[in-house]
Structures are given as C-alpha cells and as structure tokens.
Amino acid sequence: MDKEIIKLIRKSYNLNQRNFAERVNCSFSLIALVEVGKRRVTQDLENKVKKAFGLNEEKIKELIASI
C-alpha cells in the first residue's frame with residue numbers, strides 16, 4: 001500500500017483527512033504526511049486501514065480498477 005492508495009480509499013469513502021484518521025485510529029498529521037509523501041505507509045497503518053474499512057487485497061484492487 002502506498003500514499004496514492006491511502007488517498008484513493010479516503011476519497012472513495014468521501015472522508016477528509018481528519019475523519020479518515022479518526023476512523024483508522026491514527027493522527028490526522030500522519031495521514032497528511034503520508035499523502036504528501038513525507039511519511040511512508042507502515043505495515044501497522046496498512047493493517048489499521050484494512051481493518052477500519054473491511055478491506056483485503058482483492059477489494060483494494062477493485063478500488064484501483066474503478067478509477
């Protein structure tokens with residue numbers, strides 16, 4: 001998972017960065033930094049995103065294909 005996928009997931013659920021961060025249970029600043037490329041997506045963050053939105057690799061591929 002990379003910054004573009006994080007942003008794609010956030011936008012597909014019509015969330016701003018702050019609401020996305022709350023749902024994922026991380027800081028708003030982390031999401032902002034990830035999206036601009038100043039922080040990388042850690043395995044922990046990836047797991048939190050997948051859990052918060054009920055995503056697996058197949059669902060992520062479907063999101064990517066839908067753009």
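The following exercises examine helix packing, the nonpolar core and selected residues in a predicted model.

Residues are numbered from 1 along each chain as its sequence is written, and side-chain values use heavy atoms, with hydrogens and water left out. In this predicted model, local features need pLDDT of at least 70 and side-chain atom pairs count only at pLDDT 80 or more, while totals for chains, interfaces and linings use all residues.

**Exercise 1. The nonpolar core**

Determine how many residues the largest nonpolar core has and which elements give two or more residues to this core.

Solution.
- Step 1. A nonpolar core is a set of buried Ala, Val, Leu, Ile, Met, Phe, Trp, Tyr and Cys residues joined through side-chain atoms within 4.5 Å. Buried means under 20% relative accessible area, exposed over 50%, and partly exposed in between, with a 1.4 Å probe and protein chains only.
- Step 2. The largest such core has 19 residues, and those with the most contacts inside it are Ile9, Phe20, Val24, Cys26, Leu45, Val49 and Phe53.
- Step 3. Two or more residues each come from helix H1 (3-12), helix H2 (17-24), helix H3 (28-35), helix H4 (43-53) and helix H5 (57-65). Helices (H or I, at least four residues) are DSSP runs, numbered from the N terminus.
- Step 4. H1 supplies the largest share of this core, four residues.
- Step 5. For Phe53, contact (heavy atoms within 4.5 Å) is made with Ile9, Tyr13, Leu15, Phe20, Arg23 and Val24, leaving aside neighbours within four places in sequence.

**Exercise 2. Two helix pairs**

Establish how H1 packs with H5 and how H2 packs with H4.

Solution.
- Step 1. Axes are lines fitted to C-alpha atoms, for helices over the stretch in contact, and angles run from 0 to 180 degrees between N-to-C directions. Angles under 35 degrees count as roughly parallel, over 145 as roughly antiparallel, 65 to 115 as roughly perpendicular and the rest as oblique.
- Step 2. The angle between H1 and H5 is about 80 degrees, and their axes are 10 Å apart; H1 and H5 are therefore roughly perpendicular.
- Step 3. From H1, Ile5, Leu8, Ile9 and Ser12 meet Ile60, Leu63 and Ile64 of H5. This contact of H1 with H5 comprises six nonpolar, one polar and no charged residues. Here Ala, Val, Leu, Ile, Met, Phe, Trp, Tyr, Cys and Pro count as nonpolar, Asp, Glu, Lys and Arg as charged, and the others, Gly among them, as polar.
- Step 4. H2 and H4 pack at about 90 degrees with their axes 9 Å apart, so this pair is likewise roughly perpendicular.
- Step 5. Phe20, Arg23 and Val24 of H2 meet Leu45, Lys48, Val49, Ala52 and Phe53 of H4. The contact of H2 with H4 has six nonpolar, no polar and two charged residues.

**Exercise 3. Lys50 and Arg10**

Decide whether Lys50 is buried or exposed, do likewise for Arg10, and list the contacts of Lys50 and of Arg10.

Solution.
- Step 1. Lys50 lies in helix H4. Its relative accessible area is 16%, so Lys50 is buried.
- Step 2. The side chains of Lys50 and Glu57 are joined by a polar contact of 2.5 Å. A polar contact is a pair of N or O atoms within 3.5 Å; within protein, one must be able to donate a hydrogen and the other to accept it, and residues adjacent in sequence count only if both atoms are side-chain atoms.
- Step 3. Apart from neighbours within four places in sequence, Lys50 is in contact with Met1, Leu55, Glu57 and Ile60.
- Step 4. Arg10 belongs to helix H1 and counts as buried at 10% relative accessibility.
- Step 5. Not counting residues up to four places away in sequence, Arg10 touches Leu15, Asn16, Gln17, Phe20 and Glu35.

**Exercise 4. H3 and positive phi values**

Identify which residues of H3 are buried, then describe the positive phi of Gly37, Asn14 and Asn25.

Solution.
- Step 1. Leu30, Ile31, Ala32, Val34 and Glu35 are buried in H3. The buried residues of H3 pack against H1, H2 and H4.
- Step 2. Gly37, just after H3, has a positive phi of about 85 degrees.
- Step 3. Asn14, not a glycine, has a positive phi of about 55 degrees. Asn14 is in the loop between H1 and H2 and is exposed, with a relative accessible area of 71%.
- Step 4. Asn25, also not a glycine, has a positive phi of about 70 degrees. Asn25 is in the loop between H2 and H3 and counts as exposed at 60% relative accessibility.
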